[in-house]
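Me: I would like a close look at a single part of this structure, taken slowly and in connected prose. Please choose one strand and describe its surroundings.

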Amino acid sequence: MKKFLLPLVLFVTLVVFLGVGLKRDPHEIPSPLVGKPAPAFALPTLRGDKPFSPVDMKGQVWVLNVWATWCVACREEHPLLLQFSQTQRIPMVGLSYKELQGSEAANASLSEADKLQLARERSLKFLQKSGNPYQQSVMDLDGRVAIDYGVYGVPETYIIDKEGVIRYKRVGPVTPEVLKETILPLIQQLDKSA
Amino acid sequence: MRNACIAVWLSALASCVVAGEAQPMAQDPQVEARLVAIAEELRCLVCQNESLASSHAELAEDLRREVRKLIREDKTDKEIKTYLVERYGDFVLYRPPLKPLTWPLWFGPFILWLLAILGLWRYLRMRRQLDPRRLDAQGRAQAEQLLKD
């Protein structure tokens with residue numbers, strides 16, 4: 001009996017490790033940005049008013065959602081974002097990530113202004129049709145700001161506190177579980193603190 | 001017809017102009033050599049088993065563009081890697097840095113090796129104790145009896 005004990009213990013240990021490994025999503029990489037100030041930027045808005053900057057949101061908890069109309073997973077989370085915006089008073093800012101892709105983005109016959117216009121039209125069309133959860137939308141055509149935020153797979157969602165510090169980052173679509181168990185409690189806690 | 005010809009010719013010219021503009025960026029051999037050397041050490045975030053140098057993902061393309069820009073700004077390799085680690089974490093480095101969190105990663109294999117050596121040593125010692133040459137007289141007689149039967 002004792003002879004089997006050691007192999008059994010080794011086997012169970014191995015199974016536990018493999019089991020944990022199976023459950024983990026390799027695409028979820030801990031972001032070094034959590035706990036750091038949100039990188040500064042100034043980007044043109046969807047409405048075309050003055051450029052938006054994270055400093056504009058100082059003093060309130062807000063959500064930054066990185067998305068694009070070509071991103072399928074973004075459409076998946078869109079109804080949930082809409083519901084969030086209708087039930088919560090926390091502002092959500094949409095960052096349109098590289099709306100123009102590949103050859104379109106490289107098309108030299110279009111000026112930068114033309115590209116911005118095209119991206120705006122496309123984003124606006126989508127938001128008008130499916131509903132707009134964003135209090136403000138900004139256009140990151142070349143994806144440079146997204147690089148500063150460590151974006152590597154849209155959609156991504158950040159929670160930024162009153163001091164402008166990133167408190168949470170979600171890669172991939174927000175699910176009802178993540179919203180209920182992580183995002184909402186965190187927002188409430190951050191909102192209460194002065 | 002003639003207008004169409006001119007249009008075709010113009011568009012061909014336009015693509016030549018584009019190619020001419022894009023070239024200096026990709027064709028500065030020194031920058032490219034450094035880019036490849038650095039990017040081989042970096043992981044593409046999208047297709048995680050590919051290096052930043054070999055990946056065709058659009059993000060890898062964008063990150064190579066940023067690295068090229070940093071190379072032109074005469075940043076050191078270390079500064080360039082720090083730039084990426086600040087945004088994407090240690091995960092972008094194929095060679096993880098030595099710090100308490102990565103100690104198991106760096107030293108784990110050696111510890112396992114030592115444990116294996118210890119196990120082997122104990123096993124060999126145990127086997128030696130069972131060595132038939134160590135049988136006492138009574139045991140030897142018993143064994144001989146068994147062999148005869």
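Reply: What follows is an account of one strand of chain A, with a short remark at the end on the contact between the chains. The model is a predicted one, and the description should be read with that in mind.

The strand is β2(A), which covers residues 92–97 of chain A and is mostly covered, with six of its six residues buried. This burial applies to both faces of β2(A), since A:Met92, A:Gly94 and A:Ser96 are buried on one side, while A:Val93, A:Leu95 and A:Tyr97 are buried on the other.

Two strands pair with β2(A), and they can be taken in turn. Strand β1 of chain A, residues 62–67, pairs with β2(A) in the parallel sense over five bridges, and within this pairing A:Leu64 has A:Val93 of β2(A) as its bridge partner. Helix α2 of chain A, residues 72–87, belongs to the same arrangement, for β1(A), α2(A) and β2(A) make a β-α-β unit that is right-handed. Strand β3 of chain A, residues 136–140, also pairs with β2(A) in the parallel sense, over five bridges, and here A:Ser96 stands opposite A:Met139 of β3(A).

As for the contact between the chains, 13 residues come from chain A and 15 residues from chain B. On the side of chain B that touches chain A, the elements giving two or more residues are α1 (2–27), α3 (58–72) and α4 (77–88) of chain B, and by class that side has nine nonpolar, two polar and four charged residues.

Note on methods. Residues numbered from 1 in each chain as written. Chains lettered and ligands numbered in written order. Predicted model: local features only at pLDDT ≥ 70, side-chain atom pairs only at ≥ 80, totals over all residues. Contact = placed C-beta atoms within 7 Å. Helix = DSSP H or I, 4+ residues; strand = E, 2+ residues; numbered from the N terminus. Nonpolar A, V, L, I, M, F, W, Y, C, P; charged D, E, K, R; others polar. Buried ≥ 20, exposed ≤ 12 C-beta atoms within 10 Å, placed from the backbone. Pairing = 2+ DSSP bridges. Right-handed = clockwise from strand over helix to strand, strands pointing away.
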